[in-house]
Amino acid sequence: MGIELTKDSIDLGIVVKDKDAALKFYRDTLGFEFQEETQMGGGMVMQRLLCGTSLIKLVTFAETPGQANPVGGINTATGYRYWTISVSNLEELAAECKAAGYNVPMEPREIRPGVSIAMVEDPDGNWVELLKIS
């Protein structure tokens, strides 16, 4: 049968160590639109932000989970290693992330004619791909 979508975008949940650091990156640097903070019970707090029509949910717990994703990008582990945002201002946004002190492990580069990417790292070491199609 296959999927029958009711929304043309995804919701992405990211468990973070420090909600203030995560908000500084996603809201203040990347420019995601803050929607609300929700107390989920059991010490779980969710910050909801919009990236276009996709909902990005930054989740923290009263007690930070003991395990974390290994840092280092796409070639260091299996599983979800990065996610992609299509942008028109790739070079400027990557430079802004770098100027704000964030790691930019892959500077903007053309990977095939008309397609350029950069990789930036959030405060928890998660990679975000910035994609520009000319």
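In what order do the four strands of the open sheet stand? Let's find out by walking through this model, which is a predicted one.

**Stop 1: the sheet.** Select strands 1, 2, 3 and 4. They form an open sheet in the order 1-4-3-2, and their pairing is mixed. Now look at the edges: strand 1 (11-15) and strand 2 (33-41) each have a single partner strand, so one side of each has no neighbour in the sheet. From one strand to the next, the twist averages 20°.

Zoom in on strand 2 and strand 3, which pair in the antiparallel sense over seven bridges. Here you can pick out Phe 34, with Leu 49 of strand 3 standing opposite.

**Stop 2: helix 1.** Add helix 1 (19-29) to your selection. Helix 1 lies across strand 1, strand 2, strand 3 and strand 4, and it runs at about 5° to strand 3.

**Stop 3: the core.** In soluble globular proteins, nonpolar side chains tend to be buried together. In this model, the largest nonpolar core has 25 residues, and Tyr 26, Phe 32 and Leu 58 have the most contacts inside it. Among the elements that give two or more residues to this core are helix 1, strand 5 (82-86) and helix 2 (90-99).

Show the side chain of Phe 32 next. Not counting residues up to four places away in sequence, Phe 32 touches several residues, including Tyr 26, Leu 49, Ile 56 and Trp 83.

**Stop 4: the rings.** How many aromatic pairs does the structure hold? There are five. One to select is Tyr 26 with Trp 83: the two are stacked, 6.3 Å centre to centre, with 25° between the planes. This pair links distant parts of the chain, since Tyr 26 is in helix 1 and Trp 83 in strand 5, 57 residues apart. Are these two buried or exposed? Tyr 26 counts as buried because its relative accessibility is 0%. Trp 83 also counts as buried, at 17% relative accessibility, because the cut-off for buried is under 20%. To see a cluster linked by ring pairs, select Phe 25, Tyr 26, Phe 32, Trp 83 and Tyr 102.

**Stop 5: helix 2.** Finally, highlight Leu 90, Leu 93, Ala 94 and Cys 97, which are buried in helix 2. Turn the view to look down the axis of helix 2: its buried residues fall within an arc of 100°, so they line one face of the helix. These buried residues pack against helix 1, strand 6 (106-112), strand 7 and strand 8. Following helix 2 you reach Gly 101, whose phi is positive, near 95°.

Conventions: Residues are numbered from 1 along each chain as its sequence is written. This is a predicted model: local features need pLDDT of at least 70, side-chain atom pairs count only at pLDDT 80 or more; totals for chains, interfaces and linings use all residues. Side-chain values use heavy atoms; hydrogens and water are left out. A nonpolar core is a set of buried Ala, Val, Leu, Ile, Met, Phe, Trp, Tyr and Cys residues joined through side-chain atoms within 4.5 Å. Buried means under 20% relative accessible area, exposed over 50%, partly exposed in between (1.4 Å probe, protein chains only). Contact means heavy atoms within 4.5 Å. Rings of Phe, Tyr and Trp (its six-membered ring) pair if their centres lie within 6.5 Å; planes under 30 degrees apart count as stacked, over 60 as edge-to-face and the rest as tilted. The arc is that of the directions from the helix axis to the C-beta atoms. Two strands pair if DSSP finds at least two bridges between them. Axes are lines fitted to C-alpha atoms, for helices over the stretch in contact, and angles run from 0 to 180 degrees between N-to-C directions.
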